[in-house]
Amino acid sequence: MSHELLTSAEMGEADRLTIAAGPIDGIGLMRRAGQAVATEVLSRYPSAAHVHVLCGPGNNGGDGYVVARILAGSGVATTVWTSGPPRPDSDAALAAAECPIKPRPLSDFDAGPCSIVVDALYGAGLSKPLSGEAARAVDLAAKLHLPVVAVDLPSGISGDSGKVLGTSFSADLTVTFARKKPGHLLLPGRERCGEVVLAGIGIGDDVIARLQPQTFENGPALWSRGLPVPAVDAHKYKRGHVGVFSGGPSATGAARLSALAAARSGAGAVTVLSPGNAMQVNAAHLTSIMLRKADDAADIEAFVGERRLSAFVLGPGFGIGEKTRAFALVLLASGKPAAASTGIGGLVFDADAITSFREAPDILFEAARGPGAPALVMTPHEGEFARLFADIADDNVSSKLDKARAAAARANAVIVYKGADTVIAAPDGRAAINSNGAAWLATAGSGDVLSGITAGLLAQGMLAFEAACAAVWIHAEAGSRFGPGLIAEDLPLAIVPVLRDLVAAGGGR
Ligand SMILES: NC(=O)C1=CN([C@@H]2O[C@H](COP(=O)(O)OP(=O)(O)OC[C@H]3O[C@@H](n4cnc5c(N)ncnc54)[C@H](OP(=O)(O)O)[C@@H]3O)[C@@H](O)[C@H]2O)[C@@H](O)CC1
Ligand SMILES: [K+]
């Protein structure tokens, strides 16, 4: 498994544990890292006239000296440009001593046509914004349109946050080691990395397991074992029942999109819970999806009491205000729904259900902590996130990952912080970063479908964090595969081949 993401501190610890366990030592790891980069350079740029290796003062630079030595040994014209000598007696100093090329000062860096750059200035140890000669090198590489291969990370990108410190290289290829880092997936880092290649350098899976990483790249490896597949004795209510709340007569479409997505993701039964005055509109557009009036809290309580419901969606097209707050609190206080097979149910609050609590978010958070409160998944985009978690959103230092985690802990909810780099965070500290999304998904109603998929999976007994991660990935995969022309109506059907492939690949309980 390689879907864990390591912070720079965790990577340092992996390094330390590996060296302590032996037989490989620090320079051994560095030689393997440099070899992996050199192999990529040689295979991808066989006709490069000249390779310019930019080496920083730390171990990232040490990797660079190894690359330069191997390239020169392979007959490639290679120049080393350095921003400063390695610390004496360090592994990087050893790597520099083994490199036969006399380094030139980075301040003189220049390059001719058909050159490529190997960026080994700063990696995990980036500690301040790029400036001076390093910033000039970034500008020159961009101005000359030189292909850039980054060692571990493009210099200037924080491995923990994906933020740009000052300026950064925009790499065509980034070769990283042992496991990816959050900065390879979070924006803008992801865009600056180009293609990311993961190279094994002898840090074992057992070492990674000892670190108990809490951050993951979202993908089937994280949740496919929990993916629901119907049991032999399945009947519709055993496959879970989803209730989706509809807005008024002119705002019913969002709930139907969500309902359809819940049904397509495997819920055995789905009911649209509609205001009385929108029953006719909804009825005109529903076939396999059931319909029921829900005008007030008493209607919900009656419905919850008589049905074996397992998940609800509240928010899409529902409207902002007192009624929304009341419905949300009734659901959180219901002690239900219980999922069909495992007793685990869930609520998905999106859009208006989030915005309705902007003046008093603590009421929502307290309710989500109440005894028996069902698992809650909230799916805010950036604007909605800021309405509920204003102080967290305003923090310019924290990464999107940090923010989603802080919000999940505060709200006692799984937070799906949407965007091109959606982060899913659980109250227990686990978090996943999604990377299979496509711009085609940025279309009206797309989020309503995501809520529906999440509820569909929750209703079938999938745990909240896993259900949210799976829904995000399946939704993005469907959108990516569909491509141009995608509208939200297409998405519920577009998830079918994705689910089919997941089941065929052995997913499911
Ligand atoms: N861990 C592992 O398993 C393995 C790790 N490996 C490699 O090690 C790399 C991490 O090495 P690292 O810790 O030495 O940090 P690195 O990125 O070289 O930078 C530190 C130096 O740069 C300086 N500096 C920082 N920012 C600066 C700036 N903006 N402008 C100017 N200076 C700046 C900083 O200065 P200081 O903060 O001390 O003032 C310090 O001197 C990792 O990315 C990978 O490539 C591999 O060999 C395989 C095994
Ligand atoms: K680098």
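## Helices α2 and α4

In this predicted model, helices α2 and α4 are oblique to each other, because their crossing angle of roughly 55° falls outside the ranges that count as roughly parallel, roughly antiparallel or roughly perpendicular. The two axes come within 9 Å. The crossing of α2 past α4 is right-handed.

On the α2 side, the contact is made by Gly26, Ile27 and Met30. On the α4 side, Asp91, Leu94 and Ala95 take part. Sorted by class, the contact of α2 with α4 holds 4 nonpolar residues, 1 polar residue and 1 charged residue. Helix α4 covers residues 91-98, while α2 spans 26-44.

## Surroundings of ligand 1

Around ligand 1 there are 29 residues. Those that come nearest are Asp15, Gly58, Asn59, Gly123 and Gly125. In terms of class, this shell is made up of 15 nonpolar, 10 polar and 4 charged residues.

Helix α2 also has a part in the shell around ligand 1: α1 (8-21), α2 (26-44) and α3 (59-73) each supply at least two of its residues. The largest share, 5 residues, comes from α3.

## Two domains

The domain assignment divides the chain into domain 1, residues 8-213, and domain 2, residues 235-504. Taken over C-alpha atoms, the centres of domain 1 and domain 2 are separated by 42 Å.

The contact between the domains takes 9 residues from domain 1 and 7 residues from domain 2. On the side of domain 1 that touches domain 2, there are 4 nonpolar, 2 polar and 3 charged residues.

## Helices α19 and α20

A further helix pair is formed by α19, residues 464-482, and α20, residues 491-504. Two packed helices are described by the angle between their axes and the distance between the axes. For α19 and α20, the axes come within 8 Å and cross at roughly 100°. The two helices are therefore roughly perpendicular to each other, since that description applies to angles from 65 to 115 degrees.

From α19, the contact draws on Ile474, His475, Glu477, Ala478, Gly479, Arg481 and Phe482. From α20, the residues involved are Leu491, Ala494, Ile495, Val498 and Leu499. By class, the contact of α19 with α20 has 8 nonpolar, 2 polar and 2 charged residues.

Note on methods
Residues numbered from 1 in each chain as written. Chains lettered and ligands numbered in written order. Predicted model: local features only at pLDDT ≥ 70, side-chain atom pairs only at ≥ 80, totals over all residues. Axes fitted to C-alpha atoms, helices over the stretch in contact; angles between N-to-C directions. Helix = DSSP H or I, 4+ residues; strand = E, 2+ residues; numbered from the N terminus. Parallel < 35°, antiparallel > 145°, perpendicular 65-115°, else oblique. Contact = placed C-beta atoms within 7 Å. Nonpolar A, V, L, I, M, F, W, Y, C, P; charged D, E, K, R; others polar. Near = placed C-beta within 6 Å. Domains from an automatic or database assignment. Left-handed = near helix turned anticlockwise from the far one by under 90°.
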